[in-house]
Structure formats: structure tokens, C-alpha cells
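I opened a fresh page today to go through a structure entry by entry. Here is what I looked up, in the order I looked.

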Amino acid sequence: MSWLWAIIVGLVLGLIARAVIPGKQHIPLWLTTLCGILGSILGNAVASWIGVADTKGIDWTRHVLQLIGAILVVFVADMIWNAVRGGKGKSARQRV
């Protein structure tokens, strides 16, 4: 069941990250979920590194770091997605 929770948390973090980043992101939902999962892993690693991974009560700091990680990963993934897929198959008239 841990893989199911990873997908659910990744989807939620990815969608929140897309809502926070200004403008429209052109990445598909599956990539948004994957970015959310990677951002969560990145945030957990940073939380462990600075020593706030396990605290009493709700781990707000860890959750904020996971969201920041997801925002960074979604932002970078959107830039790469647009660079790789953005102009393929479109004429100059359709891009305007």
C-alpha cells in the first residue's frame, strides 16, 4: 500500500505545485504526479539532512519542504517538457 500512498501524495503535491507556479504548465498529469513524488523524496531528504524529519505532532516543516521540492521539480520538468515537446509538429501559425 505504500506505493499507492506515494502516488496519491505525489498527485496532491504536484497539483498544489502547479497551482502555486504562475502561468500555465504544459506537462501531463502523469508527469505532474511523478514530479510530486520526486519533490516529496527531495523534501524528505532535506528534512532529514537538517534534522527535522521526525518531530512531535504534525511535521509541518517536512511537509513545507516536500512542497518546495515539488514546486522546484515541477518548474524544471515544465521547462524541459516545453523544450523537448513544445515545438514538435506545430506550424509557426499555430504557435502564435
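**Salt bridges.** I searched the whole structure for salt bridges (a side-chain nitrogen of Lys or Arg within 4 Å of a carboxyl oxygen of Asp or Glu) and found one. The partners are Arg-62 and Asp-59, with 3.1 Å from N to O. Side chains of opposite charge can pair when their charged atoms come close. I then asked whether Asp-59 is buried or exposed. Asp-59 counts as buried because its relative accessibility is 10%; my scale calls a residue buried under 20% relative accessible area, exposed over 50% and partly exposed in between, with a 1.4 Å probe and protein chains only.

**Ground rules.** I am working with a predicted model, in which local features need pLDDT of at least 70 and side-chain atom pairs count only at pLDDT 80 or more, while totals for chains, interfaces and linings use all residues. Residues are numbered from 1 along each chain as its sequence is written, and side-chain values use heavy atoms, with hydrogens and water left out.

**Overall layout.** I counted four helices and zero strands, with helices (H or I, at least four residues) and strands (E, at least two) taken as DSSP runs numbered from the N terminus. Along the sequence the pattern reads α-α-α-α. The protein has 96 residues, and 27% of them are buried. I also looked at contacts, meaning heavy atoms within 4.5 Å. Of the contacts with a separation of 6 or more, 63% join residues 24 or more positions apart. The exposed area comes to about 6,700 Å², with 71% of it supplied by carbon and sulfur atoms; these areas use the Shrake-Rupley method with a 1.4 Å probe, and for residues only the protein chains shown count as cover.

**Helix α1.** Helix α1 covers residues 2-20. I checked its length: 19 residues at 1.5 Å a residue should span 27 Å, and the end C-alpha atoms are 27 Å apart, which agrees. The expected span is 1.5 Å times one less than the number of residues. Which residues of α1 are buried? They are Gly-10, Leu-13, Gly-14 and Ala-17. Seen down the axis, these buried residues fall within an arc of 105 degrees, so they line one face of the helix; the arc is that of the directions from the helix axis to the C-beta atoms. An α-helix has 3.6 residues a turn, so residues three or four places apart point the same way. On the other side of α1, I found Trp-5 and Ala-19 exposed. The cover over the buried residues of α1 includes α2 and α3 (60-85).

**Gly-14.** I zoomed in on Gly-14, which sits in α1 and is buried at a relative accessible area of 0%. Not counting residues up to four places away in sequence, Gly-14 touches Thr-32, Gly-36 and Val-74. Gly-14 and Gly-69 are 55 residues apart in sequence, yet 9.9 Å apart in space, C-alpha to C-alpha.

**The patch.** Trp-3 is also in α1, but it is exposed, at 59% relative accessible area. Trp-3 belongs to a nonpolar surface patch of about 820 Å², whose other members include Leu-4, Ile-7, Val-12 and Val-20. Patches take residues with over 30% relative accessible area and no salt bridge, joining like charges within 9 Å and nonpolar side chains (Val, Leu, Ile, Met, Phe, Trp, Tyr) within 5 Å.

**Ile-27.** I moved on to the loop between α1 and α2 (29-50), where Ile-27 lies. Ile-27 is buried at 4% relative accessible area. Leaving aside neighbours within four places in sequence, its contacts are Arg-18, Thr-32, Val-74, Ala-77, Asp-78 and Trp-81.

**Helix α2.** I found that α2 has 22 residues and reaches 31 Å from its first C-alpha to its last, close to the 32 Å expected. Its buried residues include Thr-32, Cys-35, Gly-36, Gly-39 and Gly-43, and what covers the buried residues of α2 includes α1 and α3. Asn-44 is in α2 and is partly exposed, at 25%. Outside four places in sequence, Asn-44 touches Arg-62 and Gln-66. Just after α2, I noted Gly-51 with a positive phi of about 85 degrees.
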